[in-house]
Structures are given as structure tokens and as C-alpha cells.
Amino acid sequence: MDAKRSSPSYLYWLFCQFELITCSYLMEPWEKVLFYSFNLAMLGLLLYTAYVCLAFHLSSALQLLWSLLGNPRENALSVVK
């Protein structure tokens, strides 16, 4: 079954399913190019934004965690002041 899923005919079937779901099989070729390029650009921007935001949030969370684990007594005193 795994060999079938990696075959070109299965990928073509998936592409046909995508065209049926998005109704892009009804479009003219130049419309398909615009539609696919817009969707790929949006997907790229979404992945890039998720990567940048995720990296920023993970670094700030790890920084907070290391500061709390590093010297908890000093951190508690700085909060009280």
C-alpha cells in the first residue's frame, strides 16, 4: 500500500482531487497560473510567519525558563523590589 501511495499515478489522483475540491478544473490555463501562484505565495508567507513567530516565542520562553531555573532566590527578590 505504501508503494502505491508514492507512485506518480497516486500523486496525479491527489492533484485531480485538489482540482475537484477547488473547482480549478473549470479555469482557463492563465487563471490556473494566477490561482496557483497566489495560493503558493500565501502558503509561503504563512509558513515563513509561523517560523519567525515560533522561533521568537520559543527563544523568549526558553530565556524565561533559564532565568527562573538559574537563580530563583535572586529572581524572587527582584520581584519584591
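How many disulfides does the structure hold? The count is zero. Keep that in mind as we go, and remember that this is a predicted model.

**Stop 1: the whole chain**

Start with everything shown as a cartoon. You will find four helices and zero strands, and reading along the sequence gives the pattern α-α-α-α. Now switch on the surface. The protein exposes about 7300 Å², and carbon and sulfur atoms supply 74% of that area. Of its 81 residues, 6% count as buried.

**Stop 2: two helices that cross**

Next, select residues 8-22, which form helix α2, and residues 29-70, which form helix α3. Two packed helices are described by the angle between their axes and the distance between those axes. Here the angle is about 95 degrees and the axes lie 14 Å apart. Because angles from 65 to 115 degrees count as roughly perpendicular, α2 is roughly perpendicular to α3.

To see the contact itself, show side chains on both helices. From α2, pick F15, F18, E19 and T22; from α3, pick K32, F35 and Y36. Colour them by character and you will get four nonpolar residues, one polar residue and two charged ones.

**Stop 3: the loop between them**

Stay in this area and move to the loop between α2 and α3, where you can select C23 and S24.

Take C23 to begin with. Its phi is near 60 degrees, a positive value in a residue other than glycine. C23 is also partly exposed, with a relative accessible area of 39%.

Now click on S24. Is S24 buried or exposed? With a relative accessible area of 0%, S24 is buried, since the cut-off for that label is under 20%. What is S24 in contact with, leaving aside its neighbours within four places in sequence? The answer is E19, K32, F35 and Y36. Those four residues also take part in the contact of α2 with α3: E19 on the α2 side, and K32, F35 and Y36 on the α3 side. For a distance to check in your viewer, draw a line between the C-alpha atoms of S24 and F35: the two residues are eleven apart along the chain, and the separation is 8.2 Å.

**Stop 4: back to the cysteines**

Finish by selecting C53, which counts as partly exposed at 36% relative accessibility. C23, which you visited in the loop, is likewise partly exposed, at 39%. A disulfide is a covalent bond between the sulfur atoms of two cysteines. As in the opening question, the structure holds zero of them.

Key. Residues numbered from 1 in each chain as written. Predicted model: local features only at pLDDT ≥ 70, side-chain atom pairs only at ≥ 80, totals over all residues. Heavy atoms only, no water. Helix = DSSP H or I, 4+ residues; strand = E, 2+ residues; numbered from the N terminus. Buried < 20%, exposed > 50% of the residue type's maximum accessible area, 1.4 Å probe, protein only. Areas by Shrake-Rupley, 256 points an atom, 1.4 Å probe, with all protein chains shown as cover. Axes fitted to C-alpha atoms, helices over the stretch in contact; angles between N-to-C directions. Parallel < 35°, antiparallel > 145°, perpendicular 65-115°, else oblique. Contact = heavy atoms within 4.5 Å. Nonpolar A, V, L, I, M, F, W, Y, C, P; charged D, E, K, R; others polar. Disulfide = S-S within 2.5 Å.
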